[in-house]
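Here is a friendly walk through one protein model, meant to be read with the coordinates open beside you. Pull up your viewer and follow along.

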Amino acid sequence: MELRTQELTRYILPLREGGSLPALGEADDGFKYVVKLRGAGHGKKALIAEFLGGMIAKAFKFKVPETVLLNLSPLFGITEPDEEVQELLRNSEGINVGLHFLSEAATFDPSVNKIDPLTASKIVWLDAFLTNVDRTRLNPNMMIWKNELWLIDHGASFYFHHAWRDPEKSALDPFPYIKNHVFLPYAMKMDEADNLMRQAITPRTLSKIVDMIPEDWLKEEDSEISADQRREVYRKFLHERLKNSALFVNEAIKQQKLLGR
């Protein structure tokens with residue numbers, strides 16, 4: 001697992017398609033990145049979800065844009081004329097998440113782009129594992145780049161951490177929201193996918209990914225929970241979820257039956 005940290009050097013424009021208003025910028029390595037900003041929406045928790053979701057998907061060998069930590073300085077985007085965007089940039093100074101920009105990629109269209117049952121099942125498994133509520137027909141968060149399927153936008157994963165109530169119980173959530181997944185009607189090999197996915201990753205790999213979360217993202221003012229304690233909650237959540245994958249696999253199969261599949 002490699003993780004680079006780069007400096008943002010050039011602000012290009014705000015990306016207004018999504019709800020969180022990320023920015024497009026260039027870093028000192030010469031590459032362009034979609035910058036998920038810590039000052040937006042759910043703040044650092046969305047960065048943690050984006051980071052963990054992308055890195056775990058990569059560990060499962062899915063195609064995802066490279067995740068990079070990007071330092072945003074007080075001068076980044078200082079010429080942006082929109083006051084709302086300017087305020088967002090200033091509130092995002094420090095370490096943010098950057099996703100390698102897939103130039104000329106096309107949005108995945110489930111009515112046009114076909115998917116095989118096993119791949120669909122693996123992606124449904126991944127999103128149920130991550131408790132990602134945002135891979136729906138209206139918002140599939142997938143791209144076609146160089147004739148291959150790429151997964152993007154995992155910031156809506158780990159929704160338990162917004163309330164932070166009973167995370168142990170959340171790890172055993174069967175995840176009924178899977179009923180809205182764009183690929184659920186095509187995911188006819190959930191049991192096979194479960195077997196393959198459980199073999200493809202280990203608790204040790206998950207722990208290594210959790211250890212890579214920047215400590216600053218785990219700190220919250222006026223909270224009695226330390227950064228180390230929060231990190232341990234994410235670690236235990238993922239370990240328990242992997243061990244008890246049958247819970248969300250059975251839920252996905254049940255929701256398929258309700259769809260008449």
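Helix H3 gives the second largest pocket the largest share of its lining, four residues. The model is a predicted one, so treat this pocket and everything below as computed from that prediction. H3 (117-130) is joined by strand E8 (148-151) and helix H5 (190-200), and each of these three elements supplies at least two residues of the lining. In total, 16 residues line the second largest pocket, and those nearest its centre are Phe60, Lys61, Phe62, Thr119 and Lys122. Its volume comes to about 250 Å³. What is the chemical make-up of the lining? It divides into 10 nonpolar residues, one polar residue and five charged ones.

Now for the sheet. Five strands form a closed barrel in the order E1-E2-E3-E5-E4, and the pairing is mixed. From one strand to the next, the twist averages 55°. Helix H1 (residues 43-59) packs on this sheet and touches strands E3 (32-36), E4 and E5 (94-100), with its direction at about 40° to that of E5. Strands of a sheet pair through backbone hydrogen bonds, in either a parallel or an antiparallel sense. Three of the pairings are set side by side here, each with one example of facing residues.

| Strand pair | Sense and bridges | Example of facing residues |
|---|---|---|
| E1 and E4 | parallel, three bridges | Thr5 and Leu69 |
| E3 and E5 | antiparallel, four bridges | Lys36 and Val97 |
| E4 and E5 | antiparallel, six bridges | Leu72 and Gly94 |

Strand E1 covers residues 5-14 and strand E4 covers residues 67-72. Is E5 largely enclosed or largely open? Five of its seven residues are buried, so E5 is largely enclosed by the rest of the structure.

Next, a proline beside the barrel strands. Pro22 is found in the loop between E1 and strand E2 (23-27). Is Pro22 buried or exposed? Its relative accessible area is 9%, under the 20% cut-off, so Pro22 counts as buried. Leaving aside neighbours within four places in sequence, Pro22 is in contact with Pro14, Leu15, Val34, Val35 and Lys36. Lys36 is also the residue that stands opposite Val97 in E5. Pro22 and Leu88 are 66 residues apart in sequence, and their C-alpha atoms are 9.5 Å apart in space.

Finally, two backbone angles deserve a look. Most residues other than glycine have a negative phi. Thr131 has a positive phi, near 50°, and is not a glycine. Asn147, likewise not a glycine, has a positive phi of about 65°. Thr131 lies in the loop between H3 and strand E7 (142-145), whereas Asn147 lies in the loop between E7 and E8. Which of the two classes, buried or exposed, does Thr131 fall into? With 3% relative accessibility, Thr131 counts as buried. Asn147 has a relative accessible area of 77%, over the 50% cut-off, so Asn147 is exposed.

Notes. Residues numbered from 1 in each chain as written. Predicted model: local features only at pLDDT ≥ 70, side-chain atom pairs only at ≥ 80, totals over all residues. Heavy atoms only, no water. Pairing = 2+ DSSP bridges. Axes fitted to C-alpha atoms, helices over the stretch in contact; angles between N-to-C directions. Contact = heavy atoms within 4.5 Å. Buried < 20%, exposed > 50% of the residue type's maximum accessible area, 1.4 Å probe, protein only. 1 Å grid on protein atoms, 1.4 Å probe; cavity = no way out; pocket = protein on both sides within 12 Å on 5 of 7 lines; lining within 4 Å. Points joined across faces, edges and corners; volume = space filled by probe spheres on them. Nonpolar A, V, L, I, M, F, W, Y, C, P; charged D, E, K, R; others polar.
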